[in-house]
Each structure stands twice: as structure tokens, then as C-alpha cells.
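Here are a few exercises to work through with the model open beside you. Try each task before you read its solution.

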Amino acid sequence: MTPTRAEFENELNAIRSNVTRMALLVNTAIKKAMQALETRDENLARQIIADDRHINDLRFQIEADALATIARQQPVAGDLRLIIAVMTIVPELERMADHAAGIAKIAIEMGKEPPLKPLIDLPRMAAIAQEMLTDSMRAFNAVDTAAAKHIIARDDEVDALYEQVFRELVSFMIEDPHTVTRAMYLLFIGHNLERIADRVTNICERVVFLAEGKIEETPGNDSAISLAD
Amino acid sequence: MQTQTLTRKIETENLSVFYGSFKAISDVSVEIYENNVTALIGPSGCGKSTFLRSLNRLNDLVPKTAVAGKVLLDDTDIYAPSQDVVDIRRRVGIVFQRPNPFPMSIFDNVAYGPRLYGIKKKSVLAEIVEESLRGAALWDEVKDKLDKSGLALSGGQQQRLCIARTIAIEPEVILMDEPASALDPIATLRIEELIRKLRERFTIVIVTHNMQQAARVSDYTAFFNMGDDRAGYLVEFDETDRIFTNPQQKLTEEYITGRFG
């Protein structure tokens, strides 16, 4: 016997694989942005900013497909949750790409100026955020709640690194106000990376929703970092 | 989600159909694209079945029917005096609401049409029967009981048998008049899936009362309504995606959202 709703299945699979493809593009953008920063490669930075358009286009494509699937296939239960999850995941991905483009812009601003300090913690933040993103897509495709919760917990590592970067840069600025501009550049990069990791946790919350039908903020993922302490 | 280039298979030009003095449909102009599924939706009495039956001249069988305007099949008017109505109905087949297998074996049901067209050789008929039953996604369920009566099958199977009978004579267009409304939900989804598959080989026009079904199975949707003079008319025709996400006519929106009809 033929499957009852093969075409519907195909549509859902196409949406799923487009989300995965979009996440891959975002991950590449983050990687290249850090590379542009570390090597001061202005051409690469400009390319990342230009390529952001493709990621935006893919977002709108996925949203249009999701909309058409709702209107035409009347998804319910897990199928409906998948579509709703995707509708909230793709804007997160798109904003992550904006953060990558933001880093690329700062890399251009920094020009050929020597960095204030060697880049150590920022690449670590980027590496963790990228791993989290890759893992989140694995959790999404496998509808794996345990994996999603594990990824959410890793956000603390990124937050801790960001606080460390923050404290260090503040001390630079206090010691020598001439460093303020260059310190702020690095701080903005840190902020972009911290936001990327936060957005991965939002994706993971949607994976939990997809699996369990519960919409809730995972404890500890309130995203506001306690820099004021 | 349409990607292929469109070829016009049927076109109606200001088609009106009269039953005696009653005008059933008024000035319908629409294009039916090859290898696409076009759904006709609209409230009861809006003339969608009349329109469907005018596409293979089935209305000719109703006394006092008159037609104005044109129905072009591959750019030739099927109502032109030179046209052979039997040939038109071979090229444009129809499947009805109630499954109506003939009171004969499954094999003979499917072989009926080809025999009528003069095919006698047993091996050729057997090939056509298998091919058609496979095309109708029924072969695996009936291959061991081809000599059993078609009437012994379940409703969903009977409807697929009728579809097999239709495709056995290799039509170009298949008209379907509420083909799933007498079936249970699973049998309905099976028919819908089959329709999606059949569009690769045929052009399909389907009348359905079930808007969700139109949304699921069709590439294009035509929305009919009944006018003040009780004659059906075409309100909107567009890609199904667009009809169900952003229709251009307020009346279409009201109908598909269940506000009237």
C-alpha cells in the first residue's frame, strides 16, 4: 500500500531540510566572520555581509512554505508543532546571521589597527556557539529533548566567557581611556557571540516544544546577563 | 510550489449552460493546465458540477440543455458540429461521487473500455488491466482475486477500481465529481494521494465540497458562487497556494474561512 500522505510528508521533509541548510549557512557565516576578524580580511568581511541576503531569502522561503503547508494540508499534532516550531526557529537563525554580519562590520571598522589584546576568549565563545548550533540541528532533526536541554546548559559556558571578556575590557578602559574605542569593538563582538548562543537556546526550547508540546523557558536561560553585579 | 511551465489543456470562453430557460452557469472563462490538478469549489447550486460535465459534453444527455460560449480542448471547440462526442468522452473521462463498478469481475470492469474500443487479445487486455490497476494504486490489493466481483470490494477500493476503469482507455483529462465524498477519511486520503500521482500522467479537474480537500490535492483552484439570478459564475481562479493564503476576492476569503456558504 502506498503511504496515505506521501506528498504532505515530502513537504514536511523539505521544510526540515531547508531549516538544516539555513543553519549550515549561518554556521559558515559565523566561522567566516571570526576568520575575517582574526586575519583582518576586509574582503571576506564584505562577502559575509553581502551573503546575508541569501540567508534572509531562505528564511522567507521557509516561512512561505510553512504558511502554504498550514493552509493546504491542515497539519495537526506533531506535524502542527513542527510547523510552529519552524516558524519560530527560522527568525532566530536569521538574527544569528545578522550577528555574524555585525561581527564582520566591526572587523571592517577595526581596519588595520592592532588589536587591543590577543583574541583568545572570543574565538572560544564562537567555537562553543557554533558547536551548540550544530548540535541543536541534530536535536531538532532527531526531536531529542535530552540533547536540547544539554545544549541549553552549555549557554552558561558562553555567558561565563563573556563576563570574563567584559571584566577584562573594562579594566583596560579604566587604566587607559585611549583604549575605549578598541575595547568597545571587542565588547560588541563578544555581545554578538553571546546573543548567538542565546538564540541557539531559543531553538532548543522549540525542540522541547516539538517533542513535548510544552512552551516554556528553560530554567537558567533568561538570556539577560548579570553584568551589572 | 509550481515550477513546471504551463501548457493549456482546456480553455472555456464565456461558457454559459442553460437547462431549458434556467441559466445554470454564466460566462465562465477559465484555463485548465496540463498535468495539473484544478479544483472547483463553491457552495451548493453554484454550478460547479454543471461546469465539470460541460467539459466532456455529459450535459448533452440532459434534455433541453443548451450551451453558449466555447470549450476548447487542445484549442479545438468540443461543441463544434464536426466533433465526435464519443471521442471527446474517451479523451476526457469522468469519475463520479458514488463508486459505480459494473456488476462483473474486477478484471472485466477494467477491460470493459478497451474491449469496447476493439481490443480482444487476452494478453494485451491482461497487460492493460494490470497497468491500470497499478496506476490506480489497487493492484496489490486485488491481484489475487481479479475474477471476483467488483461489487465485493470496499467503497474506497471500488472508487479506485472506477479510476482504473477510467485510465484503462488512456484519457488525456480525468474529471472527478466529488470522488471521495462517499468514503471514510483514510480511504479519502488514499484517493487524494492517488490524484497527486495521476497528475503526472493526466490533467485532472475535480469538484469537491470539501475545501480542505481542494487545498490538499489541487494546484489551481476555481471558486464559483451563485449569482442573484441563481446562475453560477466564477469568482476567482488562481494558484491553490494563493487562494488559501491570500485570495484576492473578499467573497473567496469569506467562503474558504467558513463565513458563508
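**Exercise 1. Count the salt bridges over all chains, then find what the pair A:Glu131 and A:Arg154 ties together.**

Solution. Start with the rule: a salt bridge needs a side-chain nitrogen of Lys or Arg within 4 Å of a carboxyl oxygen of Asp or Glu. Applied over all chains, this rule gives 35 salt bridges. Next, take A:Glu131 and A:Arg154, whose closest N and O atoms are 2.7 Å apart. A:Glu131 sits in helix α4 (residues 121-142) of chain A and A:Arg154 in helix α5 (residues 145-175) of chain A, so the pair ties together parts 23 residues apart in sequence. Helices here are DSSP runs of H or I with at least four residues, and strands are runs of E with at least two, numbered from the N terminus.

A note on the ground rules: this is a predicted model, in which local features need pLDDT of at least 70 and side-chain atom pairs count only at pLDDT 80 or more, while totals for chains, interfaces and linings use all residues. Residues are numbered from 1 along each chain as its sequence is written, chains are lettered from A and ligands numbered from 1 in the order written, and side-chain values use heavy atoms, leaving out hydrogens and water.

**Exercise 2. Check the span of helix α1 of chain A against its expected value.**

Solution. The expected span is 1.5 Å times one less than the number of residues. For the 34 residues of α1(A) (residues 6-39) that should be 50 Å, and the end C-alpha atoms are 49 Å apart, which agrees. Then look just past the helix: A:Arg40 follows, with a positive phi near 55 degrees.

**Exercise 3. Describe the contact between chain B and chain A.**

Solution. First, with contact meaning heavy atoms within 4.5 Å, chain B brings 18 residues and chain A brings 16 residues. Second, the buried area (accessible area, 1.4 Å probe, lost on being put together and summed over both parts) is about 1600 Å², with 53% from carbon and sulfur atoms. Third, two salt bridges join chain B and chain A; A:Arg72 and B:Asp241 meet in a salt bridge at 2.9 Å, N to O. Finally, α7 (185-198), α8 (211-217) and α9 (240-245) of chain B each supply at least two residues of the side that touches chain A, and α7(B) gives the largest share, six residues.

Definitions and conventions:
Buried area = accessible area lost by both parts, 1.4 Å probe.
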